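Thanks for making time this morning; I would like to walk you through one structure, going from a single strand pair outward to a sheet and then to a contact between chains. Please have the sequence and the model open while I talk.

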Amino acid sequence: MLAYVIRRILMTVPIVLGILLITFVLFSYVAPDPAFTVAGRGKKPAQLRAIRKEMGLDKPVWLDSRAKAEQDGREYKGHFNSQFFDVVLWRFPESIKYHQPVGELIARKAPVSLAVQLPIFLIELGLQLILALICAFNRGRWPDLVVTFGAVLGMCVPYLSIIILGQSVLGFGAGIFPVAGWDTGLKSVHFMALPILVGVAAGLGGGVRFYRTVMLDEVYTDYVRTARAKGVSRNNMMLTHVLRNVFIPVVTQTVTVLPYLLLGSLLLERMFQIPGLGGLMVEALFNNDRPILLAMTYGISIAYCVMLMLTDIAYTLVDPRVRLS
Amino acid sequence: MSSAATPAAVDTVMGAVALSERPRSLWRDAMARLHTRKLNYVYASVLAIYALVAIIAFTPLLGKSVFDAQVGAQYAPPAFTGTVEQGTANEHSTIRPSLWLGTDIAGRSVLYKLLYGTRVALTVSLLASILSVVIGTVLGLLAGYYRGWVDALITWLYTTINSIPWILLMVALAYALKDREFKMFGQEFKLVGIPSIVMALGLTSWVGLCRLMRGEVLKHRERDYVAAAKAVGAGTSRIIFRHILPNTFHLVIIDFTLGIVSFVQAEVILSFLGLGVKDQPSWGVMIDDAKLELMRNVWWQFAGATAAIFGLSICLNFLGDALRDALDPRLRGVD
Amino acid sequence: MAKPLLELRDLNVAFNTERGQIRPVRDVSYSIYPGQTLAVVGESGCGKSVTALSILRLIPSPPGKVLSGEVQFEGRDLLDLSEREMRGVRGRDIAMIFQEPMTSLNPVYTIGDQIAEAVMLHQKVKQKQAYEIAEQAMRDVGISDPGRRLFEYPHQMSGGMRQRVMIAMALSCKPKLLIADEPTTALDVTIQAQILELLRKIQRDTGMAMLLITHDLGVVAENADVVAVMYASRVVEYAPVEELFDAPLHPYTQGLLKSVPRLGAHSERLVSIPGTVPNPARFPGGCKFHPRCPRTREAAAVAGAETVEVVTAEERFRVLETCAVKEPLLREVSKGHWAACHLAEGFESSPTTRPDLANKRAVVARAVGSMIT
């Protein structure tokens, strides 16, 4: 068990390095030069150079010679090494737009995203599992057909269209909910209802189909037949034998959704003016605010990676087969 | 239940009993399975119409100038609602096709924009799907066949990419590639619009197929037919592409079909984030433009673009499911 | 005369597939008496397993459906019972073990959990007692150290051991009938012998009846009292085991017996039945066996016979018109021996009756090598 945990942690190391490499290449070589953003329009090359030096963008990629670095009066660490250590230690340059440390910005906005996304996630998962169970119970009969057909229909409407529709019809038209906005503390519940409703509606379909398939795969296994042959009832079979085996794919699927909890939905937060991470990221895209984009991409990926690792370890507690192999 | 209802009946033609138990190949069998559901023909026909519209949009018949032209007043409602505005009907009191679905903020025809958007949507999603499928297939085949360090490298690459949430990576890449100039072969290339979107989508979406292919190839390379091919002296590339690939190709087809759906939907998100196509109408841009129109009761642009995406997605989804059912070897054979 | 424990009467089962309806079980009748072993033999896909599953009403539904027939068990038609009553029959009166011991146990529960579940479903006992009963059942089927094994998971055991667990689970409630669906097919030869010996011993000790489904004639020869041979959804021959091995009437049975290698039989080539088992979705008309039947071809070669030509992918040949057009139903061709073949001696004048034999075998052990003279 301990050996497995250690091995799993070691397996994560090259992946984290890979994430660093990809984000570095993406934002240092491919992405547009942030100096233009800082300088605004019509700056002279000399000014741009100064800005680049201030932001540390003029450093060489790898190690610089110590002598040359001292002569230029700067750190001798290269671009990649310094970013590597900075990023590992969660040190990012200030946001270009807000002139605030990115870490603080993210820490402030993450709870807002969580407050909207966590209810969406829980309600959605609950509904998906219930609907999938209904389908699996009634395979091939009308409840199954209606739910699966509805799920496909739901999946085919663009997310943005659902948001726009919800906002215009339920918010603006019917006036049941505020169209957009946010408030502090408990008062924000008022503003959260519509985004949550829209978010659940948009994400329901895919999961229902996935869990239905997973459950049906289990329903036709030999061990279920054995259980039925010894006289286990259908309900009991579903709730003990099948559900326990379905648990693993459910957890796997759930984990892939977790990073979006923090990221919020880019579209949802922007459209409803929720001051969360998703909104921050969209703004950073429009403002070319590279430090924020880098920190978000990297930070969320690392968080995701750690979650994947933890779930793999958690499996060993749930599934006896994994424990030994 | 009468036994005549069963397909067991054998054609007895002029005293000869034909027992045509011809073995059917995987693909023939799949086509036969697709054929049994007549709805599949409906999906295929609708897709053909989309494709036709996209092809026509490439001709000057529906060129850029057509959709760009102002054809009526601002926000003229669709013709079928009956609320025709003054001056839009011509002297024969028939309504021009350009006004069938109303106009947008600049008085341009929503119908023409939709038709032209079909071209953009299909170009983007087809090219992105081809890109991702090619990368996924090739890397998956290589990893599964060669194993060893090739496999380790490719597995590391896709595990890493898989550890970055897709939407994040895709958006970051689209952002990084937007309006970039590259010098290649002594020439300057500028990535504007479609090519950068295609790359952002295609380069980030191959992981699923690659992983599937790798797993299948690992299974297939141990099969007897591969050993037989080796025994008659077939080279490695011949074994991979002539023997293993055809046996795993159904995965590629299914991934390709369902990939198109997600790329059409992703184009909307990119348009919303300002990373979509520029200077030409696309469904994503239309929905994005319609964000606030709906509150002014101007619903036609929104409804048109949403319906266009919905129709395409639903046909591809159902056809993709049918393909999966028809091609998945786990589901064949009755016992 | 004793009454049969289980009696199948003209059972018909259909599966609705996307290519149309298929009928894996047609007019199947057989009966099992207390303490008796009925073996159902046939190639895979002949419908023998589906028949057994429909006794317990366990065919996957949809797509499966019992069209008609009766399953009489102790004076009740199981097909008429409510699902709740049926649950009381499953596991307590009729238990079943399956071919794949690797997948037939739930991977996330311990062996003890799974046996105790069966016990608690049918006996009013506390959990602790259920585990004690489970432990005893495991000891009865020859699992060493059952106290420890109770807390192991299926994947920690070998295939043979898991099949013993399946048997222990099936026997924990002392059923009157055990349905064993290819219980040894997935096991090594030595383990096969052990499991069969175990089943025989249990039968001797408890007087339980057994429905043994297999494609292995060696297993039949050693274990069965009465044999039903199935081909293409129908029973084509039904006889006491000695009678069947000594004087098979149906050409299919004869083919099966010839395909078994025998010790001491010199210079004779191993004969297998030509052709393939027909796909249930495209059964031929007439007698389902006629495209593979040597007897009808021989008869067709006689001058003056009414014949038709059969065309397959490999060859074309002539068969008797009767065989190609009219499907023979099971008839009692000689006393206590049923067969379904137009060309069996005296077939046309024999009565069409439901097969029913209370025979128990005279000799307990019988070597495969001495089957046919």
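Let me begin with Ser334(C), which stands opposite His337(C) in β14(C); I should say at once that this is a predicted model. The strand β13(C) and the strand β14 of chain C, residues 337-339, run antiparallel and are joined by 3 bridges.

Where does this pair sit in the sheet? The sheet is open, has 8 strands with mixed pairing, and follows the order β6-β7-β8-β3-β9-β10-β14-β13 in chain C. Its edge strands are β6, residues 94-97, and β13, residues 331-334, of chain C, each of which pairs on one side only. From one strand to the next, the twist averages 25°.

Turning to the helices, helix α1 of chain C, residues 48-55, packs on this sheet and touches β3 (37-41), β6, β7 (177-181), β8 (209-214) and β9 (226-231) of that chain, with a direction that makes about 150° with that of β8(C). Helix α6 of chain C, residues 159-171, lies across β6 and β7 of chain C and runs at about 175° to β6(C).

Still in chain C, Glu83(C) and Arg57(C) form a salt bridge in which the closest N and O atoms are 3.6 Å apart. This pair links distant parts of the chain, since Glu83(C) belongs to helix α2 (residues 83-89) while Arg57(C) lies in the loop between α1 and β4 (64-73), 26 residues apart. Over all chains, the structure holds 33 salt bridges.

Now to chains A and B, where 51 residues of chain A are in contact with 43 residues of chain B. The size of an interface is often given as the accessible area lost when the parts come together. Between chain A and chain B the buried area is about 4,000 Å², and carbon and sulfur atoms give 78% of that.

What salt bridge is found there? The count between these two chains is 1 salt bridge, in which the side chains of Arg209(A) and Asp321(B) meet at 2.7 Å, N to O. For polar contact, the count between chain A and chain B is 6 residue pairs, both residues being at pLDDT 80 or more.

Several elements of chain A give two or more residues to the side that touches chain B, among them α7 (142-156), α9 (189-219) and α14 (290-318), and α1(A) gives the most, with 10 residues. By class, that side of chain A has 40 nonpolar, 7 polar and 4 charged residues.

Note on methods. Residues are numbered from 1 along each chain as its sequence is written. Chains are lettered from A and ligands numbered from 1 in the order in which they are written. This is a predicted model: local features need pLDDT of at least 70, side-chain atom pairs count only at pLDDT 80 or more; totals for chains, interfaces and linings use all residues. Side-chain values use heavy atoms; hydrogens and water are left out. Two strands pair if DSSP finds at least two bridges between them. Helices (H or I, at least four residues) and strands (E, at least two) are DSSP runs, numbered from the N terminus. Axes are lines fitted to C-alpha atoms, for helices over the stretch in contact, and angles run from 0 to 180 degrees between N-to-C directions. Contact means heavy atoms within 4.5 Å. Buried area is the accessible area (1.4 Å probe) that two parts lose on being put together, summed over both. A salt bridge is a side-chain nitrogen of Lys or Arg within 4 Å of a carboxyl oxygen of Asp or Glu. A polar contact is a pair of N or O atoms within 3.5 Å; within protein, one must be able to donate a hydrogen and the other to accept it, and residues adjacent in sequence count only if both atoms are side-chain atoms. Ala, Val, Leu, Ile, Met, Phe, Trp, Tyr, Cys and Pro count as nonpolar, Asp, Glu, Lys and Arg as charged, and the others, Gly among them, as polar.
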